[in-house]
Amino acid sequence: MFFYPLLPIFWAVSAKADFFQFDSISNVSTYYFNYIYCNIWEGECQPNQDDSTQQVPTRDLWAAFPQDYISLLSQWYCSLGQCCESGDCRITNNITGLASDLQLKLHGQHLAQSVVLKAVQGFISNPESNKPLTLSFHGCSGTGKNFVTRIVADNLYRDGVKSECVRLFIAPFHFPHARLVDTYKGQLREAIRDMVLRCPQTLFIFDEAEKLHPGLIDAIKPYMDHYDNVDGVSYRRAVFLFLSNIGGTTVNDVALDFWHSGQNREDIGMEDLEHRLRAEAMDSQGGFAQSELMSGHLIDFFVPFLPLEYRHVKLCARDAYAARGLEPDEGTLDEVAKAMLYIPKEERLFSAQGCKSIPQRINFFLP
């Protein structure tokens, strides 16, 4: 069935018609790509008519084929990502899907749900934005920073984090040596510039951002600033996400204060945390805090990730089982959740590990 849409092409090649003058397999591939793109989908291209190997046959060739063949060929071609209504099939910008995933898959993070959705939606809906979108995620490990990053990538790009329009940098892995910071600067600038030139909308992720050398961040600071362009290239349609454990203690303290005072967790607002996160980030050790990114106020939102409660850990466990096609009972979910560490321990209030390690924990409870 896979070869059915290709029958017209195979038939045409085997016919050895006069207008097929190929010298190599490469020419065959290029010829058909150009012909399909230029004539059927009317792409903006002009085949080289001076090169006999690249001359495009007339549309009369396709008039001989049934319309069903043309329709199937069109569907197959588009399935490869070469055409779509948006103009670039690598970019989906599914805001409805983003809202749904944040609501249904992210547990115990009402602030992150709200801020991330509004920030991304506002940026996508405003093609005339005067700067790239820059978000900084803060909280303890396992609370969902990387998870939200994947949700954003999955809904903005067809191939998610594997998209050629998405680039992940892990500070201690990609930039491990301080003595090589000058080399890293050039490599990082070149990588960002090349991606922006290849993709009309890009996503750059910096994990463990607090471990970045300050000079490294300052080297790309102009790309996040309010400039029309930098050396002739516009970076205004880029999204920069910084993930950091800085502020985790502050976020936990605020959540614990609300619990002690009898207030609902959902009553915690950005006004309770954002200014404290910004201040702690400015005062903390590490390159992220010391960079001009902070002093220049180029981060649009500091997004706090709250410590998870026992009930949230159970929901994470439920999702992890569902991902394996299993339907656990409440007793099983309780067993998984009890295996986590909590602060304070006797109250099982805030998970000290979050949901990150749950998939591994489940292995101990499987038959």
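Colleague: Where does the largest pocket lie with respect to domain 1 (95-306) and domain 2 (309-364)?

Modeller: This is a predicted model, and in it the largest pocket encloses about 670 Å³ of space. Residues of its lining come from domain 1 (95-306) as well as from domain 2 (309-364), so the place of the largest pocket is between domain 1 and domain 2.

Colleague: Which residues lie nearest the centre of the largest pocket?

Modeller: Helix 7 (145-156), strand 4 (238-244), helix 15 (310-323) and helix 17 (358-362) each supply at least two residues of the lining. By class, the lining is made up of 10 nonpolar, 8 polar and 9 charged residues. The lining has 27 residues, and those nearest the centre of the pocket are Gly144, Phe147, Arg150, Cys355 and Lys356.

Colleague: How is the chain built, and what share of its residues is buried?

Modeller: The chain has 17 helices and 7 strands. Of the contacts in the chain with a separation of 6 or more, 72% are between residues 24 or more positions apart. Among the 367 residues of the chain, the buried share is 46%.

Colleague: Which helix gives the most residues to the largest nonpolar core?

Modeller: The largest nonpolar core has 75 residues, and those with the most contacts inside it are Phe137, Ile192, Phe204, Phe206, Leu212 and Phe240. With 9 residues, the helix that gives the most to this core is helix 6 (residues 110-124).

Colleague: How many residues are in the other core, the one with Cys316 and Tyr342?

Modeller: Phe240, one of the residues with the most contacts inside the largest nonpolar core, touches Ile192, Phe204 and Phe206, among others, when residues up to four places away in sequence are not counted. Apart from the largest nonpolar core lies another core, which includes Cys316, Ala337, Met340 and Tyr342, and its number of residues is 15.

Colleague: Is Thr134 buried or exposed?

Modeller: Thr134 lies in strand 1 (residues 133-138). Leaving out residues up to four places away in sequence, Thr134 touches Met224, Phe240, Phe242, Leu298, Ile299, Asp300 and Phe301. The relative accessible area of Thr134 is 0%, and because buried means under 20%, Thr134 is buried.

Colleague: What is the volume of the largest cavity, and which residues line it?

Modeller: The structure holds 1 cavity of 30 Å³ or more. The residues of the lining divide into 6 nonpolar, 1 polar and 3 charged. The largest cavity has a volume of about 40 Å³, and its lining consists of Pro132, Pro222, Tyr223, Asp225, Tyr227, Asp228, Asn229, Val230, Tyr235 and Arg236.

Colleague: Is Asp231 buried or exposed?

Modeller: Asp231 is found in the loop between helix 10 and strand 4, and its phi is near 55 degrees, a positive value in a residue other than glycine. Most residues other than glycine have a negative phi. The relative accessible area of Asp231 is 72%, and because exposed means over 50%, Asp231 is exposed.

Colleague: What is the relative accessible area of Glu208?

Modeller: Glu208 is found in the loop between strand 3 (202-207) and helix 10 (214-220). Phi of Glu208 is positive, near 55 degrees, in a residue other than glycine. Glu208 is partly exposed, and its relative accessible area is 24%.

How values were computed
Residues are numbered from 1 along each chain as its sequence is written. This is a predicted model: local features need pLDDT of at least 70, side-chain atom pairs count only at pLDDT 80 or more; totals for chains, interfaces and linings use all residues. Side-chain values use heavy atoms; hydrogens and water are left out. On a 1 Å grid over the protein atoms alone, a cavity is a set of points where a 1.4 Å probe fits but cannot get out, and a pocket is an open set with protein on both sides within 12 Å along at least five of seven lines; lining residues have an atom within 4 Å of a point. Grid points are joined across faces, edges and corners, and a volume is the space filled by probe spheres set on the points. Ala, Val, Leu, Ile, Met, Phe, Trp, Tyr, Cys and Pro count as nonpolar, Asp, Glu, Lys and Arg as charged, and the others, Gly among them, as polar. A nonpolar core is a set of buried Ala, Val, Leu, Ile, Met, Phe, Trp, Tyr and Cys residues joined through side-chain atoms within 4.5 Å. Buried means under 20% relative accessible area, exposed over 50%, partly exposed in between (1.4 Å probe, protein chains only). Helices (H or I, at least four residues) and strands (E, at least two) are DSSP runs, numbered from the N terminus. Contact means heavy atoms within 4.5 Å. Domain bounds come from an automatic or database domain assignment.
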